[in-house]
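Welcome! Below are some short exercises, each with a worked solution. Keep the structure open beside you and try each task before reading on.

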Amino acid sequence: MSKSIEISNLIHRYPGTDFNALHKLNLSIDKGEIFGLFGPNGAGKTTLISILTGLLKIDIGTVKIQGMDLRIETEKIKTVIGVVPQEYAIYPKLTARENLQFFGSMYGVPRKDLNRKIDSGIAKMGLTKFANNRIETFSGGMKRRINLLAGILHEPNLIFLDEPTVGVDVHSKRFIIDFLKKMNEKGTTIVYSSHILHEAQEFCSRVAIIDNGEIQIEGNTQDVLLDNGEFRTLEEIFIETIGADRVHV
Amino acid sequence: MFKIYHAILKELRLLRRDLLGVAIIFLMPIVLIITITFIQDSIENNVEGTLPVLIANGDDGDLSKTIINNLKDNNQLKIITELENERLTQEVGVNLLKLGQQKILIVIPEDFSNYIQNKTDAHINRLLSEVMPDIEEADLSIFEQETKEVFIFFDPAVGSNVRNALKNAIDNMISKLETQAIYKTFENEFEADFSYITEEPLIQFQEKSITTNHENITPNAVQHNLPAWTLFAIFFIVIPLSINIVKEKNQGTYIRLKTLPFSSFEFIISKILVYLFVCMVQFYVMLLVSVYLFPIIGLPALEIEGRFFLLSVVALFSGLAAIGFGVLIGTISKTHEQAAPFGATSVVILAAVGGLWFPVYAMPETMQMIARISPMNWGLEGFYDVLLRESNLLQLSPYLLLLFAFFLLNMTIALIYEKKFNQI
């Protein structure tokens, strides 16, 4: 299977610190996977996602996304990835439609397709009657759904999701997970970071646990969960890997 | 272009949703220019009796009457010599000043007219007796008497400009009266009429304003105020712009914007274009008010015939300078609480240093040097060049280049800072 992301010997150190936030990290993610990245606070997952989305520069090592070198083709890579940050990365004073018009056009969605894609996306998220309402009037779950739409309107091949369902009601969570599964069925690769491990256990096809800037465990979800012939939960494995005294999920 | 169009649209929509902010941007300068022009125009056109002056006159002679009448001729002063039909005394006047109920008191001492005339006579007699031996020797006993002086008391709240203006006016009047008294004594001595000498001053002067086309245009309050307050308003764009940038930085949108295939250059260009548009609308609104509203409310209209294009050019470059400064403040500030007060205070300081409130030529030398490197001063001089000196584009170009250089400098520092310190 061809690779969506290939990371070799990636090292990153923040200025003013005496340790590597990422240390000789190697990882590859196949196209079409839903890849779950987990780790305690400060483990290095935000640093890794920040590098993969072009927010941070690579110090040492190589990263290839869709076969393109991230160091050289950063701007081109930005057109084929979608980023859904944990924060509401949308303008509260603008309506849902206005937000999507702005972010869609920034991602280069052609003028003729933009409104059609917005209408279709809003409908799939069950927000058609709120399309022209300002985001500041939305509930947390509605904001999450628009936050997700804003990052995928250009139909990227690869999506980075940071806690996409945190703080939302069951109804909104269902919309988001179903929507992402449908995208994945169409071939979109999803890199997903969350602290909701039971959700990740169902959703991800492959998982990795990162700590101290290094991958501690990596593999197919079912393989990771199967320990000596017995199935355990991802949460149990996470606690065992990181250490019960350090876990802050 | 499609991206920039949508980025501009986004900025305009965000501005439109902040109605209070927009109202402040447009209404504040209009209120300012109308208020200040009203006040300045009233002062320049001598609206009657604006400043009350108490006079405690202890003298019954002609000289004190002349002093009072001369002061009454000054329309800016309201002369009060009696209170409740009682002649005002020094004691009553001083008490009123102490209570803050009155601002200025002039005290003319008892028998002042006779004292001054006798002193003048004695001076002349001494002079004449020295050069003309047949004239009897002067009586110099007057010089041994206690000196009689006119006192001016000021409430401490009265500013130095008013104090100086009044003292100068009184000095001027006393010099005139002294001269008249001297000639009067000569007339008495020689039994001749020298009044023709004082009828017309020996030195005459006439006020003229120099412009490049040699026409004599006397600038009115509007021509002085419009450039200053327009610049002040244009530079106030620093506050909403810097807040806009800080807000964006502190929202999740900043992270998403950084991951977009949309360069920082395109991003900042869209902001510059929107805020420059706001600056220009602000400027044209102020022009409309000055040209069309002012005559309706009894103020002199602004004359912009043949100057519209050059005024717009100066406004455009001033707007760029202000936007550059706003982008820099927005980039460096971490929070809204840093950007807003710093933006407002720095604009006020730039205005003061730039000569918007107090003319640069009247400042101390060091401050004049500082003013010459102030962007608001370049803008102000640019506007004055167009409105008052009728300069052309070439003559304006030094100021325009300086304003543009200021814009570029701020943008460069902001860009470097953004790359170096504002990484995620």
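**Exercise 1. A salt bridge in chain A**

Which side chain meets that of Asp113(A) in a salt bridge?

Solution. Start with the rule: a salt bridge is a side-chain nitrogen of Lys or Arg within 4 Å of a carboxyl oxygen of Asp or Glu. By this rule the partner of Asp113(A) is Arg116(A), with 3.6 Å from N to O. Next, look at where the two sit. Asp113(A) and Arg116(A) are about one helical turn apart, because they are three residues apart in helix H4 (residues 111–124) of chain A. Over all chains, the structure holds 21 salt bridges.

**Exercise 2. How confident is the predictor?**

Find the elements of each chain with the lowest and the highest confidence.

Solution. This is a predicted model, in which local features need pLDDT of at least 70 and side-chain atom pairs count only at pLDDT 80 or more, while totals for chains, interfaces and linings use all residues; side-chain values use heavy atoms, with hydrogens and water left out. Residues are numbered from 1 along each chain as its sequence is written, chains are lettered from A, and ligands are numbered from 1 in the order in which they are written.

Step one is the scale: pLDDT is the predictor's confidence in each residue, from 0 to 100. Helices (H or I, at least four residues) and strands (E, at least two) are DSSP runs, numbered from the N terminus.

Step two is chain A. Its average pLDDT is 87, and 96% of the residues score at least 70. Strand E12 (residues 230–231) of chain A has the lowest mean, 73, and helix H3 (residues 96–106) of chain A the highest, 93.

Step three is chain B, with an average pLDDT of 83 and 90% of the residues at 70 or above. Here helix H7 (residues 195–199) of chain B has the lowest mean, 69, whereas helix H12 (residues 308–332) of chain B has the highest, 94.

For the complex, the predictor gives an ipTM of 0.84 and a pTM of 0.75.

**Exercise 3. The six-stranded sheet of chain A**

Trace the order of the strands and find the helices that lie on them.

Solution. Strands count as paired if DSSP finds at least two bridges between them. With that rule, the order in this open sheet of chain A is E6-E7-E8-E3-E9-E10, and the pairing is mixed. Strand E6 (81–84) and strand E10 (214–220) of chain A are the edges, each pairing on one side only. On average, neighbouring strands are turned by 15 degrees against each other, direction ignored.

Now zoom in on one pair. Strand E3 (residues 34–38) and strand E9 (residues 206–211) of chain A run parallel and share four bridges. In this pair, Leu37(A) has Ala208(A) of E9(A) as its bridge partner.

Then add the helices, where contact means heavy atoms within 4.5 Å. Angles run from 0 to 180 degrees between N-to-C directions, and axes are lines fitted to C-alpha atoms, for helices over the stretch in contact. Helix H1 (residues 45–52) of chain A packs on the sheet and touches E3, E6, E7, E8 and E9 of chain A, at about 135 degrees to E3(A). Helix H5 (residues 140–152) of chain A lies across E6 and E7 of chain A, at about 160 degrees to E6(A).

**Exercise 4. The four-stranded sheet of chain B**

Which strands of chain B form the edges of this sheet?

Solution. The open sheet has the order E2-E1-E5-E6 (chain B), with mixed pairing. Its edges are strand E2 (77–80) and strand E6 (151–154) of chain B. From one strand to the next, the twist averages 25 degrees. Strand E1 (residues 51–57) of chain B runs parallel to E2(B), joined by four bridges, and Leu54(B) has Ile80(B) as its bridge partner in E2(B).

**Exercise 5. Where the chains meet**

How many residues does each chain bring to the contact?

Solution. Chain B brings 23 residues and chain A brings 34. Across the interface of chain B and chain A there are two salt bridges. The side chains of Arg13(B) and Glu98(A) form a salt bridge at 3.5 Å, N to O. On the side of chain B that touches chain A, H1(B) gives the largest share, nine residues.
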